[in-house]
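This briefing covers a sheet, internal cavities and charged pairs. Please read it alongside the structure shown below.

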Amino acid sequence: MSHDAMNCRRNATWILTATVCLAAGGVATPPRLAADDDAPAFYRAFNLGGPALVIDGNHWEAGDAKGLACDDDTFEDQAVRLSPGTDGERARMIRSNRWSRQSQARVRVSDVPAGTYSVYLYVWEDNHPEKFDLRLNGQVVAKGYKSAPAGRWERLGPWAIEVKDGTIELAADGGIANLSGLEIWRGKLSAGDNAIQGAPPKAPPPPPEADVAVLIARNCLECHNGSDRKGGLDLTRRAGALKGGESGPALEPGQPDKSLLLHRVEAGEMPPQGRARPAKKEIARLREWIASGAKWAADPIDPFLYTSDRRAGYNWWSLQPVKSVEPPKVADEKWPTNEIDHFILHKLEGAGLRPSPESDRRTLIRRLSFDLLGLPPTAEEVEEFVRDPDPRAYERLVDRLLDSPHYGEHWARHWLDIVRYGESQGFERNKLRPNAWRYRDFVVEALNSDLPYDDFIRWQIAGDVLLPDDPMAVVASGFLVMGPYDLTSYTNGTADMRAAAREEELEGLVGTVGQTFLGLTINCSRCHDHKFDPVKQTEFYQISAALGGTYHGDERESLNDVGKEAAEKRLAALQTKIGELNVEETKADERSRREVVVRRSRLKSVVWLLEGGPAHVTVPQQPPAWHVLARGDFRQPGEEVAPRGIAAVSGVSPDWALERDAPEAERRKALAEWIASPDNPLTPRVIVNRLWGYHFGAGLVRTPSDLGFQGGLPSHAELLDWLAAQLVRPKDGPAWSLKRIQKLIVMSATYRQSSRLAPQAAAVDAENRLVWRRPSQRLEAETFRDAVLFVSGELDPRLGGPGYRDFSVSSAGNNETYTVFDAVGGEFNRRSLYRTWLRTGTSPLLDVLDCPDPSVATPRRSVTTTPLQALALLNNKFMEQSAKKFAERLKREAGDDAAAQVRRAYLLAFSRPAAEDEVQFGTKFIAEHGLAEFCLVLFNASEFLYVD
């Protein structure tokens with residue numbers, strides 16, 4: 001049982017059923033008691049991983065009962081078929097348990113009165129057998145105990161023990177044990193008191209060929225399956241094995257010595273080098289099976305039937321329904337501020353760690369401002385927050401920042417990273433997309449208005465067909481054509497070149513849809529069944545068929561005639577509001593005036609979207625018949641398919657009830673509804689994990705666009721499911737609200753922790769996966785540039801509209817070439833989001849700070865430290881000009897006194913007062929090198945580049 005492969009949960013499939021139908025089974029009964037007063041008596045019992053319940057008439061306490069300490073994680077899977085069968089309450093207890101990643105599980109009961117006790121332990125297996133020792137108060141009571149296959153449970157004991165120090169402790173060492181229940185009796189019981197009575201008739205033994213099917217599935221089907229026939233061999237079916245591949249038949253039933261399959265396995269040639277070898281007894285069993293006629297247990301053998309140590313099966317954790325999870329109990333009940341903290345603290349306490357102290361207010365407002373707006377706070381905002389005595393000051397700050405129009409600008413940049421947003425086509429022609437900016441503005445406004453995330457999904461996949469009269473929804477469908485476009489192949493290529501380009505384009509789109517919304521690398525199954533996740537090649541083409549009518553083309557009008565009347569009413573209301581803000585601006589002070597300008601600018605950006613105009617969106621066409629392509633080759637069409645989903649995703653049906661010739665609009669509608677369904681377990685898990693990752697530098701799953709086998713495993717699986725459930729079916733507030741989830745995150749004590757290193761915690765958890773501190777994070781490239789403009793007083797806060805162009809364009813024939821120049825001052829002082837993002841001609845300053853290539857999805861940006869960064873930040877023309885502007889601002893606000901200039905500079909750049917030695921050093925530096933050079937030094941300081 002590899003829990004390090006993330007609690008691989010086994011379903012009751014035919015192979016598993018065959019391997020767990022053991023001869024014995026029955027119902028455990030209470031020990032027999034003598035009639036005298038000294039007879040053993042029930043003392044206490046604990047359902048270690050679940051709630052209180054009643055078994056055999058005795059009250060069993062919950063896993064968080066007073067006096068019970070468990071150092072390990074809880075795990076529950078009520079779907080596993082138990083062997084032997086038992087009553088419902090006992091079954092519930094068995095399937096909820098404690099297990100440890102460190103191969104050492106421990107359960108301790110304290111405050112036990114002195115005396116003689118007898119202890120029973122319930123163990124079970126949800127996965128592969130494990131071997132471990134059991135110790136009771138340090139003494140081995142079961143040496144080398146080996147658990148049975150998935151579903152098998154036992155009640156071990158009774159073990160007699162004399163309690164003198166008030167403690168009973170059971171520990172499992174050497175393997176990963178599932179400890180389900182602990183049952184303690186006063187007095188001494190005999191082995192006969194543990195008899196399993198009332199056993200049902202023996203289950204039939206598994207068919208002799210079942211274990212060979214498991215052997216083949218685990219060792220052979222990764223390379224020799226229906227879609228990926230290495231050497232031409234398919235071992236999923238008996239007919240394929242008899243037919244064989246390029247080397248001839250793999251099997252000769254009844255003649256093992258003439259069977260090529262056995263020969264290759266015995267010679268060590270298969271599985272290939274680097275793979276685990278079958279055990280000798282497994283090879284011997286393979287020989288016996290062939291000698292007996294090579295009967296097939298299931299035809300075909302499904303390679304995704306199970307999760308192994310090399311790939312995920314249908315029971316992979318992220319494909320299962322989102323669980324309803326209650327926050328766990330914690331010892332320190334004063335630290336948590338909301339439910340998130342219970343999950344974090346529970347893990348920390350289990351590891352013997354404490355969370356870090358809360359950050360001071362200056363740190364918190366700077367952290368929050370950069371996290372939510374991508375901009376530093378003003379010096380005045382910092383001082384107001386620091387001095388605010390209101391206990392709700394922090395929450396009011398959170399609400400104010402979430403309501404700011406700058407919120408949507410900052411978080412839109414995160415989204416654009418993962419959807420391959422680019423304003424030129426790429427490839428040789430690299431033609432400019434002059435109106436792609438409308439999609440960017442849609443994302444900004446959708447996030448600012450907290451558009452429900454399920455609608456956010458639907459509009460981007462099918463907004464133009466779901467709401468064709470709403471220009472916002474039409475512009476949203478630009479998502480489908482944000483990727484690169486090979487114009488040369490389409491306009492100057494042969495028919496084969498066009499077909500090949502089209503297949504590449506669709507693979508990129510399917511990959512983007514799958515990874516962005518589902519965290520599933522569907523595109524990896526284009527040429528064969530997925531190597532690591534339960535996605536079949538057929539299913540890639542089913543999803544592809546749903547998107548097969550989306551095409552790049554000339555930009556088209558986003559507002560149709562039918563929608564004009566509704567748009568005009570919305571525009572009139574917006575213009576009225578803009579007029580009110582114009583009046584408000586004339587009466588506002590300087591600070592309020594800045595806020596009014598930003599709010600008015602947001603409304604104007606919405607006006608631009610509602611007024612219509614050309615937009616870079618899909619130009620849909622009815623797709624032709626859709627075929628599975630052998631090895632992904634358009635020249636080898638095979639089975640025709642209809643638009644459908646992926647069967648392995650639980651909770652939502654893969655059957656969309658669409659015919660193979662279904663209208664293009666219906667295909668995308670069905671895909672959008674399937675992804676955005678509240679019962680799709682992947683969709684909410686993926687987005688809440690993204691939100692967590694942007695706030696903490698790494699998600700609960702560290703691979704935000706891959707929740708499959710090759711991705712990371714959740715550090716806090718229960719917290720991930722709790723957040724996902726809160727998004728879809730919240731206890732209070734609107735469903736699918738991203739702002740609500742973010743408020744939960746940033747309001748938590750977990751988020752408010754200091755980022756200082758705690759050596760003792762680092763020794764236990766160097767990667768901070770248990771979140772014992774809030775990690776320090778470097779500003780992203782665009783955020784750094786925006787912060788430089790903001791601090792220097794030069795940032796243009798206007799939202800929306802066409803982006804600025806820091807490049808010149810030259811055309812040669814039908815090609816366009818871009819030359820980037822130093823963009824300083826004037827229109828270039830807008831936020832970096834509004835740069836026109838080309839697929840070539842990138843910004844030298846942003847590039848050295850790890851700004852990603854818009855041609856590919858970037859779910860998590862790399863963070864490097866290179867000499868080029870120091871050279872750019874010290875010598876770049878933008879940096880030099882910004883330092884001069886910062887110096888001019890200091891002279892305006894602090895006068896000519898150097899000490900006053902230093903103090904003001906520290907408040908603006910670092911959100912804190914300067915220390916006296918810093919004032920002395922700064923004053924001396926300014927005298928020797930000038931104020932502008934001092935400002936440039938501050939921009940290059942780590943304290944400016946890193947939050948916290």
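Helices are DSSP runs of H or I with at least four residues, strands are runs of E with at least two, and both are numbered from the N terminus. By that numbering, Arg-420 sits just after α11 and takes a positive phi of about 65 degrees. The model is predicted. It holds 14 cavities of 30 Å³ or more and 67 salt bridges.

**The five-stranded sheet**

- An open sheet is formed by 5 strands in the order β5-β8-β13-β10-β11, with antiparallel pairing.
- Its edge strands, β5 (68-70) and β11 (139-146), each pair on one side only.
- On average, neighbouring strands of this sheet are turned by 10 degrees against each other, direction ignored.
- Strands β8 (residues 104-109) and β13 (residues 168-173) run antiparallel and are joined by 6 bridges; here Val-109 stands opposite Ile-168 of β13.
- Strand β13 is also joined to β10 by 4 bridges, again antiparallel, and Leu-170 in β13 is the bridge partner of Leu-136.
- Strand β10 (residues 131-136) pairs with β11 over 5 bridges in the antiparallel sense, with Phe-132 opposite Tyr-145 in β11.
- The hairpin of β10 and β11 has 2 residues between the strands, and Asn-137 takes a positive phi near 50 degrees in this hairpin.

**The largest cavity**

- The volume of the largest cavity is about 160 Å³.
- It is lined by 15 residues, of which Asp-806, Ala-823, Ser-843, Leu-845 and Phe-878 are the closest to its centre.
- Helix α26 (residues 844-848) gives the largest share of this lining, 3 residues.
- The lining of the largest cavity comprises 9 nonpolar, 2 polar and 4 charged residues.

**The second largest cavity and α11**

- The second largest cavity encloses about 120 Å³ of space.
- Of its 13 lining residues, Trp-411, Trp-415, Ile-687, Leu-691 and Leu-738 are the closest to the centre.
- At least two lining residues come from each of α11 (405-418), α21 (682-696) and α23 (738-747), and α11 supplies the largest share, with 5 residues.
- By class, this lining has 10 nonpolar, 2 polar and 1 charged residues.
- Helix α11 is largely enclosed by the rest of the structure, because 14 of its 14 residues are buried.

**Salt bridges**

- Arg-264 and Glu-269 meet through their side chains in a salt bridge, at 3.1 Å from N to O. Arg-264 is partly exposed, at 26% relative accessible area, and Glu-269 is also partly exposed, at 41%.
- A salt bridge links Asp-655 and Arg-644, with the closest N and O atoms 3.7 Å apart. Both residues lie in the loop between β19 (637-640) and α20 (664-676), so the pair ties together parts that are 11 residues apart in sequence.
- Asp-655 is partly exposed, at 48% relative accessibility, as is Arg-644, at 28%.
- Asp-786 and Arg-831 form a salt bridge through their side chains, at 3.1 Å from N to O. Asp-786 is in helix α25 (residues 781-792) and Arg-831 in the loop between β22 (815-820) and α26, so this pair ties together parts that are 45 residues apart in sequence.
- Because buried means under 20% relative accessible area, Asp-786 counts as buried at 3%, and Arg-831 is likewise buried at 3%.
- Arg-367, Asp-371, Arg-774 and Asp-948 are joined into one network by salt bridges that share partners.

Notes
Residues are numbered from 1 along each chain as its sequence is written. This is a predicted model: local features need pLDDT of at least 70, side-chain atom pairs count only at pLDDT 80 or more; totals for chains, interfaces and linings use all residues. Side-chain values use heavy atoms; hydrogens and water are left out. Two strands pair if DSSP finds at least two bridges between them. Axes are lines fitted to C-alpha atoms, for helices over the stretch in contact, and angles run from 0 to 180 degrees between N-to-C directions. On a 1 Å grid over the protein atoms alone, a cavity is a set of points where a 1.4 Å probe fits but cannot get out, and a pocket is an open set with protein on both sides within 12 Å along at least five of seven lines; lining residues have an atom within 4 Å of a point. Grid points are joined across faces, edges and corners, and a volume is the space filled by probe spheres set on the points. Ala, Val, Leu, Ile, Met, Phe, Trp, Tyr, Cys and Pro count as nonpolar, Asp, Glu, Lys and Arg as charged, and the others, Gly among them, as polar. Buried means under 20% relative accessible area, exposed over 50%, partly exposed in between (1.4 Å probe, protein chains only). A salt bridge is a side-chain nitrogen of Lys or Arg within 4 Å of a carboxyl oxygen of Asp or Glu.
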